[in-house]
Structure formats: C-alpha cells, structure tokens
Amino acid sequence: MKIAVVGTGYVGLVTGACLAEIGTDVTCIDIDEKKIENLKKGILPIYEPGLEAIVKRNFEKGRLHFSTSTKEGIKDADVAFIAVGTPPGEDGSADLQYVLSVAKEIGKHMNSYGVIVTKSTVPVGTSLKVMEAISAALLQRDLNLTFDVASNPEFLKEGAAVNDFLKPDRIVVGVSSDKAKAIMQKLYSPFVMNGHPIIFMDIPSAEMTKYAANAMLATKISFMNDIANLCEIIGADVNLVRKGIGSDPRIGNKFIYPGAGYGGSCFPKDVKALIRTAKTANYNMEVLQAVENVNDRQKEVLFTKIKQHFGTIDGLKIALWGLSFKPNTDDMREAPSLILISRLLASNARVCAYDPVAMEEARHTLGDSIDYVSTAMDALENADALVVITEWPEFRLPNFDIVKQKLKQAVIFDGRNIYNHHELKTMGFAYYGIGIK
Ligand code: NAD
C-alpha cells in the first residue's frame with residue numbers, strides 16, 4: 001500500500017513511521033523545509049520515546065520518505081492522511097485553514113482513486129468541507145476522479161505515542177463507503193491482532209468521538225482538581241480520597257490525579273472548540289465551561305501557595321523541576337509551567353529550571369528570561385524553594401538530604417503530589433501539595 005501523510009508533527013511523524021513499520025510505503029510531507037531536511041539526516045523535530053529508532057530504521061529500509069512536495073507524496077497514494085494543526089481561532093473554534101489548504105493541494109495533485117483521511121482533530125462537518133475542497137480542485141483540472149473521504153481521529157498520548165499507535169486500545173474510523181471501509185480495515189488490521197476493535201461509524205460521529213474523548217478526560221482532571229481544592233479547605237487528604245474512589249470500577253483510577261492544571265496541545269484547544277461548536281448550534285456546554293474555568297484557576301494554584309508562604313516574592317530564587325506540560329515529552333504548548341513562570345517573573349522572582357528534555361523547546365518561548373541548568377540538583381543551589389510542576393520519573397525519589405542542603409530555605413511546592421508529605425514534614429521541610437491540608 002502507498003500512503004501519504006501530510007503534516008509531519010507529533011501525529012503525522014508517528015503515524016508515518018508506524019505505518020512504514022508494518023511494511024507500507026509512506027511519504028511524510030511538510031511545508032517546513034528545515035524539518036524535512038533534518039528528518040532526511042535522521043534529526044527528529046520532537047522528543048518522543050522510541051520514535052527515533054523507528055524513523056531511522058524505516059528510512060534506511062526505504063519504506064519511509066520525507067518531502068516538502070504534496071505533489072510528489074500524493075502521487076499514486078492509496079490513502080492520504082491529513083495531520084496538520086488545528087489551532088484555536090480567535091473565538092475558540094478550530095482553525096481549519098491548514099486542513100483545507102492541504103485538501104486543496106491533494107485535489108490539485110492526486111491522479112488516481114484514494115481515501116483522504118482526516119487525522120487532525122476537527123469539528124463535525126469538516127470532512128464534508130475536505131471533500132468539497134478536493135472536488136473543487138479536481139473540477140478545475142477537468143478531472144473526473146473518484147475518491148473517498150474518511151475521519152480517523154488520533155488517540156495517541158504524547159510521551160507514549162509510538163506504543164499507543166502500534167498497540168491501540170481502539171481505532172475509530174468514520175467512513176461513507178464500503179470501499180473506503182475495506183481499505184481502512186486492511187491498513188489497520190496489523191495493529192489490532194490483539195483483538196482490540198476497529199470501530200467503524202459514520203463520519204460525523206467519528207469527528208465528534210475525538211472531542212468527546214478529550215472533553216471527558218479534561219473533565220476528570222478538573223473535577224479532581226476541584227475536589228482537591230475543597231479537601232484542602234475542609235481538612236481532607238485528596239490522595240486518600242483518590243484511592244478511595246478510584247477502586248470503584250465505575251470510576252476507575254486513571255486521570256483522577258490532581259495537579260497544576262491540564263495543558264498540552266490538545267485538551268485546552270479541544271475543550272474550547274467543543275464549547276464553540278455547541279454555541280454555534282445554540283447549545284450551552286455547561287459542564288465543559290466549568291471544566292475550562294476550573295483549569296484556568298488551577299494553573300494559578302502553585303503561584304498562590306508560593307505567595308501565601310513567602311508573603312513577598314520579590315527577589316526570591318525559585319527552583320523549578322519540569323517545564324513540559326507532562327513527562328516524557330518536550331511539548332511546551334499550554335504548559336502550566338508557563339503561567340507559573342510568568343507570574344513569578346512579574347513578581348521579580350528569579351527562576352532556575354531543569355527539565356530532562358524540554359529546555360531547548362522552552363527557550364523558544366521563554367528565551368533567557370529564566371536560567372536553565374543541566375541537572376535537577378543544580379537548580380536548587382541557593383534557591384528559596386523547590387517547585388515540582390512536571391512529574392518526570394527522575395524527580396520521584398531524590399536524595400532529600402542533598403535537596404535540603406542545597407536549598408536556602410527547606411520549602412517544597414509539589415504540584416503533582418509525588419512526595420510523601422508526612423516524610424518531608426518530619427525531615428523539616430515546609431511542604432505544600434495539591435489538596436493536602
Ligand atoms: P504539530 O504542530 O506538531 O504538526 C503539524 C505539522 O503540520 C507541522 O509540522 C506543520 O509544519 C505542518 N503543516 C502545516 N500546514 C501544512 C501544509 N499545508 N502542508 C504540509 N504540512 C503542513 O501538530 P500535532 O500535535 O501533530 O497535531 C496535528 C493534529 O492532530 C491537530 O489537529 C491535533 O489536535 C491532533 N492531535 C494531536 C495529538 C497530540 O498529542 N499532539 C493527539 C491527537 C490528535
């Protein structure tokens with residue numbers, strides 16, 4: 001099978017590399033010339049565990065190609081994936097300009113039947129627009145080519161993307177023809193030999209499924225953050241409450257960890273976009289509006305705790321462990337660390353940060369406004385407090401004697417509840433978690 005993937009970011013590169021891994025011939029296309037040039041040299045634009053090996057292996061075997069030319073990549077493709085960004089527009093709705101410009105390009109250059117699959121997260125109705133854009137471009141070429149569109153939302157998690165793609169819980173595909181269904185079934189069957197389902201449905205339902213999934217996950221997080229904040233006020237420990245409710249299989253123990261708010265390239269924008277979709281349809285998503293409000297408030301929680309502890313922040317040095325929006329990724333989009341850093345800098349604190357992989361990416365946004373150091377312990381040197389904002393594995397069990405020795409004041413703000421507060425208090429630390437009295 002010949003595959004084209006247009007957009008070579010987190011989703012496109014993982015999709016392309018994993019499809020090449022099962023033996024198909026894949027061309028990953030991107031308008032970013034530097035990105036494509038680097039990929040041809042084996043330099044990856046993102047950090048994602050396991051991705052480099054799979055990209056290099058398939059590139060060397062000649063199954064994975066990189067190009068800036070949609071024309072070249074789309075030629076004879078049986079399936080073309082659209083995997084470009086859908087950032088929020090000014091009103092919160094998904095900005096479809098990149099998706100539709102790719103659709104137009106595909107229509108300009110396709111030369112045989114193919115299934116055009118939207119993998120980007122897009123609102124209901126977008127596949128129809130993709131179909132119209134392709135048809136209009138074909139009409140301009142006076143070409144009477146048949147094609148199908150399909151919707152195949154992506155559920156991979158950054159930080160575990162390769163594994164998620166190769167061993168998905170489920171694959172959702174929206175189709176409107178048996179021919180497209182058969183092609184997608186053939187392409188994806190190697191990934192579901194473990195018996196996990198490929199769920200076929202109509203296209204609008206597939207488009208909606210992605211938003212509903214992310215909205216549900218964001219809701220769990222905000223709900224738990226709300227419970228955590230109340231626990232703190234009334235004197236309960238949210239860690240215990242979490243265990244108490246998570247053992248109920250109807251609730252489950254995943255995604256109920258309180259913290260410093262959700263970030264990343266998906267939850268914030270997808271929650272916004274769904275609220276917007278509903279507004280356009282004259283419906284009010286009241287739960288999701290609250291989810292967003294709680295999250296905005298939660299991103300301020302660590303700063304408030306720091307302020308309450310110190311009174312004045314002016315002149316403090318704060319050591320920050322973690323920058324990326326979650327562990328195992330260098331993605332800084334909507335990271336809670338960015339809000340905390342901006343509040344600290346506005347209050348004349350100095351921030352000294354360490355992150356195992358995201359410092360280079362962070363520099364693009366933060367420049368030299370903060371200090372970067374090459375080990376977690378270096379960040380602590382003479383700092384007035386340690387703030388943990390991303391729960392990277394290497395932060396979980398530090399030598400607290402050394403931590404105490406290096407800090408000027410033994411104060412820890414644990415934005416992810418990864419430490420045992422009793423232990424740290426016994427050691428003489430002032431400890432602040434989320435949802436712990
Ligand atoms: P990204 O920003 O990492 O990558 C998008 C890529 O598309 C960029 O490399 C950009 O240069 C390229 N591009 C833009 N216009 C183009 C064009 N006309 N032709 C060719 N390339 C073009 O984005 P991402 O994180 O991979 O997300 C892509 C989509 O997948 C979004 O809709 C997102 O919501 C969705 N999604 C993302 C994730 C995730 O974890 N990142 C998970 C599931 C779904």
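In this predicted model, the protein chain is assigned three domains: domain 1 (2-201), domain 2 (211-227 + 235-297) and domain 3 (299-432). The second of these, domain 2, is written as two segments, 211-227 and 235-297. With these bounds in mind, the reader may turn to the ligand.

Where does the ligand lie with respect to domain 1 and domain 2? Both domains give residues to the shell around the ligand, and therefore the ligand lies between them. There are 26 residues around the ligand, and those that come nearest are Asp 30, Lys 35, Thr 86, Glu 158 and Lys 269. Sorted by class, the shell consists of 10 nonpolar, 9 polar and 7 charged residues.

Several side chains place polar atoms beside oxygen atoms of the ligand. In Asp 30, a polar side-chain atom lies 2.6 Å from a ligand oxygen. For Thr 86, the distance between an N or O atom of the side chain and an oxygen atom of the ligand is 2.6 Å. For Arg 333, the corresponding distance from a side-chain N or O atom to a ligand oxygen is 3.0 Å. Taken alone, the ligand exposes 830 Å², and the protein buries 88% of that area. Helix H1 (10-21) and helix H5 (97-109) are the elements that give two or more residues to the shell. Of these, H5 supplies the largest share, 3 residues.

The relation between domain 1 and domain 3 may be considered next. Their C-alpha centres lie 38 Å apart. The two domains are nevertheless in contact, with 8 residues of domain 1 meeting 9 residues of domain 3. The size of an interface is often given as the accessible area lost when the parts come together. Between them, domain 1 and domain 3 bury about 650 Å², of which 45% is on carbon and sulfur atoms. Which three residues supply the most of the area that domain 1 buries against domain 3? They are Tyr 10, Tyr 47 and Glu 158, which supply 77% of that area.

Conventions. Residues numbered from 1 in each chain as written. Predicted model: local features only at pLDDT ≥ 70, side-chain atom pairs only at ≥ 80, totals over all residues. Heavy atoms only, no water. Near = heavy atom within 4 Å. Polar contact = N/O pair within 3.5 Å; in protein donor to acceptor, adjacent residues only side chain to side chain. Areas by Shrake-Rupley, 256 points an atom, 1.4 Å probe, with all protein chains shown as cover. Helix = DSSP H or I, 4+ residues; strand = E, 2+ residues; numbered from the N terminus. Nonpolar A, V, L, I, M, F, W, Y, C, P; charged D, E, K, R; others polar. Domains from an automatic or database assignment. Contact = heavy atoms within 4.5 Å. Buried area = accessible area lost by both parts, 1.4 Å probe.
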